[in-house]
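Biologist: I should like to understand how each label attached to this molecule is justified. May we take the terms one at a time?

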Amino acid sequence: QVQLVESGGGLVQPGGSLRLSCAVSGSIFSINAMGWYRQVPGNQRELVAIIFGDGRTTYSDSVEGRFTISRENVKNTVYLQMSSLKPEDTAVYFCTAKVNTLNYWGQGTQVTVSS
């Protein structure tokens, strides 16, 4: 079965940095895109960043210039390097991937930005 597992979440002070990882495992024939979304209780899940199969990336305006999405294809892993973190970045971050034409989601990892 295809499984996505996030790691790297935690508590960080404002202005700090954090790196999230998401490893995709299972019966993988192709991964078309990988990305990150985040959600605050009571709000819709919002796009953070996506990296497409051709390597192109897209970011939400709120994280542009502060976050960087990357991938390590051999390990089927996507990363989200977060810098200059703000309290408003606090959310549950979800990894997503289109694997074998189907969309999959990770369980989410909590990121809390607070002093």
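Biologist: How many bridges join β1 to β3, and in what direction do the two strands run?

Modeller: Before I answer, please note that this is a predicted model, in which local features need pLDDT of at least 70 and side-chain atom pairs count only at pLDDT 80 or more, while totals for chains, interfaces and linings use all residues. Residues are numbered from 1 along each chain as its sequence is written, and side-chain values use heavy atoms, with hydrogens and water left out. As to your question, β1 and β3 run antiparallel and are joined by 5 bridges. Two strands pair if DSSP finds at least two bridges between them, so β1 and β3 count as paired. A strand is itself a DSSP run of E with at least two residues, and strands are numbered from the N terminus. Within this pairing, S7 stands opposite S21 in β3.

Biologist: Which strands form the open sheet, and what makes two of them edge strands?

Modeller: The open sheet has 4 strands in the order β1-β3-β8-β7, with antiparallel pairing. Its edge strands are β1 (3-7) and β7, since each of these pairs on one side only. On average, neighbouring strands of this sheet are turned by 15° against each other, direction ignored. For such angles, axes are lines fitted to C-alpha atoms (for helices, over the stretch in contact), and angles run from 0 to 180 degrees between N-to-C directions.

Biologist: Why is G35 called buried or exposed?

Modeller: Buried means under 20% relative accessible area, exposed means over 50%, and partly exposed lies in between (1.4 Å probe, protein chains only). G35 has 0% relative accessibility, so G35 counts as buried. This residue lies in strand β4 (residues 31-39). Leaving aside residues up to four places away in sequence, G35 touches A49, I50, I69, F94, C95 and T96, where contact means heavy atoms within 4.5 Å.

Biologist: What label does T101 receive by the accessibility rule, and why?

Modeller: T101 has 58% relative accessibility and therefore counts as exposed. T101 is placed in the loop between β9 and β10. Its C-alpha atom is 7.4 Å from that of N32, although the two residues are 69 apart along the chain.

Biologist: How do you know that R38 and E46 form a salt bridge?

Modeller: Side chains of opposite charge can pair when their charged atoms come close. A salt bridge requires a side-chain nitrogen of Lys or Arg within 4 Å of a carboxyl oxygen of Asp or Glu. For R38 and E46 the N to O value is 2.7 Å, so the pair satisfies the rule. R38 is buried at 6%, whereas E46 is partly exposed at 36%.

Biologist: Which other salt bridges involve D89, and what joins them into one network?

Modeller: R38 and D89 meet at 3.0 Å, N to O. This pair links distant parts of the chain, 51 residues apart: R38 is in strand β4, and D89 is in the loop between β8 (77-82) and β9 (91-99). R66 also forms a salt bridge with D89, their closest N and O atoms being 2.8 Å apart. Here R66 lies in the loop between β6 (57-59) and β7 (67-72), 23 residues from D89. Both R66 and D89 are buried. Shared partners join R38, E46, R66 and D89 into one network. The structure holds 3 salt bridges.

Biologist: What makes C22 and C95 a disulfide?

Modeller: A disulfide is a covalent bond between the sulfur atoms of two cysteines. The rule asks for a pair of cysteine sulfur atoms within 2.5 Å. Those of C22 and C95 are 2.0 Å apart, so the rule is met. The torsion about their S-S bond is about -85°, so this disulfide is left-handed. The bond links C22 in strand β3 (residues 18-25) with C95 in strand β9, 73 residues apart.

Biologist: Why is the pair of Y37 and W105 given its aromatic label?

Modeller: Rings of Phe, Tyr and Trp (its six-membered ring) pair if their centres lie within 6.5 Å; planes under 30 degrees apart count as stacked, over 60 as edge-to-face and the rest as tilted. The count comes to 1 aromatic pair. Y37 and W105 lie 5.2 Å centre to centre with 70° between the planes, and the pair is edge-to-face. Y37 is in strand β4 and W105 in strand β10 (residues 102-105), so the pair ties together parts that are 68 residues apart in sequence. Y37 is partly exposed at 22%, and W105 is partly exposed at 40%.
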